[in-house]
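Please consider the pockets of the structure shown below and the residues that line them. The account begins with the chemical character of one lining and then turns to its position and to the other pocket.

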Amino acid sequence: DEIEDAINFALAYQRGVPKKTKLHSRIGIHWGCVIEVQQEEKFVDAGAKRVELEGLAKNIAARTMSIAKGGQILLTKHSIDVLGHKKHAFLPREARCVCIGMYRFKGVKAAQILYAIGEDIDSLQPPAGDNKVKRLGGPKYIKKRARDRLLRDWFFWFYYRIGIAFLFYFVYLIFENEARRKFFGVDAVFNSLLWFWR
C-alpha cells in the first residue's frame with residue numbers, strides 16, 4: 001500500500017460516511033515502521049488480539065488522531081515528505097493540504113509538524129492540544145482561498161473594505177471643512193492636532 005491510498009481512503013470516508021451515519025470520525029495518518037507481534041493462542045484465548053502492532057510510529061499516529069476534530073484528517077510531516085511531489089497530482093480539486101503547526105507529543109522526543117487535509121475550510125483549522133499533545137505554534141486560523149469563497153463570502157469581503165474606505169472619507173470630509181468641524185464638535189480636536197504637528 002502507498003501513502004496516497006491512505007489519504008484517498010480518508011478523504012472518501014470523511015466525504016461519505018458522516019452524511020449517512022452522522023458519525024464525525026477523527027483520522028490521523030503517519031508513515032513509519034512498526035513491529036508485528038503474533039500472540040500465542042493462550043493469550044488470544046485470554047482476550048488478547050491475535051496480531052499486535054508495536055513501535056513509535058503507532059504512537060505518533062495515535063497522538064495525531066487524538067487531537068483531530070470530528071471530521072478532520074491530520075497528517076505528520078513525514079507522511080507529506082513520503083508523498084513528495086505527488087501531493088497535488090492525485091488530490092481531488094476541492095481538497096487542500098495545509099500546515100497547521102508544530103506539536104509536542106507525550107512520549108515522543110522530537111516535535112512534530114502536522115498538516116490538515118480536507119475539502120472544506122472547517123476541516124483545515126488547527127486543533128488545540130490536550131493533556132498528551134502540546135501545541136507549540138503555527139497559524140491560528142486557515143483562510144479560504146479566493147476560488148473557494150462563496151458569493152456571500154465575497155459580499156462581506158467587499159462590504160468590510162468599502163466600509164473602512166467610507167469611514168476614512170467621512171472623517172476627511174469632516175476635518176476638511178471648518179463648518180463641518182464646528183457642527184460635529186471636533187474643531188478643538190482639529191486645532192489641537194494642528195498645534196501638535198507644528
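In this predicted model, the lining of the second largest pocket comprises 7 polar, 6 charged and 4 nonpolar residues. The volume of this second largest pocket is about 330 Å³. Its lining is made up of 17 residues, and those nearest the centre are Gln 14, Arg 15, Gly 71, Asp 120 and Ser 123.

Which elements each supply at least two residues of this lining? They are α1 and β6, the latter spanning residues 112-118. Of the contributions to the lining of the second largest pocket, that of α1 is the greatest, at 5 residues.

The largest pocket may now be examined in the same way. It holds about 410 Å³ of space, and 17 residues line it. Nearest to the centre of the largest pocket lie Gly 28, Ile 29, His 30, Leu 53 and Ala 61. Two or more residues of its lining come from each of α1 (3-21), β1 (27-29) and α3 (56-67). Here α3 provides the largest share, with 4 residues.

How do the residues lining the largest pocket divide into nonpolar, polar and charged? The nonpolar class has 11 members, while the polar and charged classes have 3 each.

Helix α1 thus appears in both descriptions: it gives two or more residues to the lining of the largest pocket, and it gives the most to the lining of the second largest pocket.

Definitions and conventions:
Residues are numbered from 1 along each chain as its sequence is written. This is a predicted model: local features need pLDDT of at least 70, side-chain atom pairs count only at pLDDT 80 or more; totals for chains, interfaces and linings use all residues. Side-chain values use heavy atoms; hydrogens and water are left out. On a 1 Å grid over the protein atoms alone, a cavity is a set of points where a 1.4 Å probe fits but cannot get out, and a pocket is an open set with protein on both sides within 12 Å along at least five of seven lines; lining residues have an atom within 4 Å of a point. Grid points are joined across faces, edges and corners, and a volume is the space filled by probe spheres set on the points. Ala, Val, Leu, Ile, Met, Phe, Trp, Tyr, Cys and Pro count as nonpolar, Asp, Glu, Lys and Arg as charged, and the others, Gly among them, as polar.
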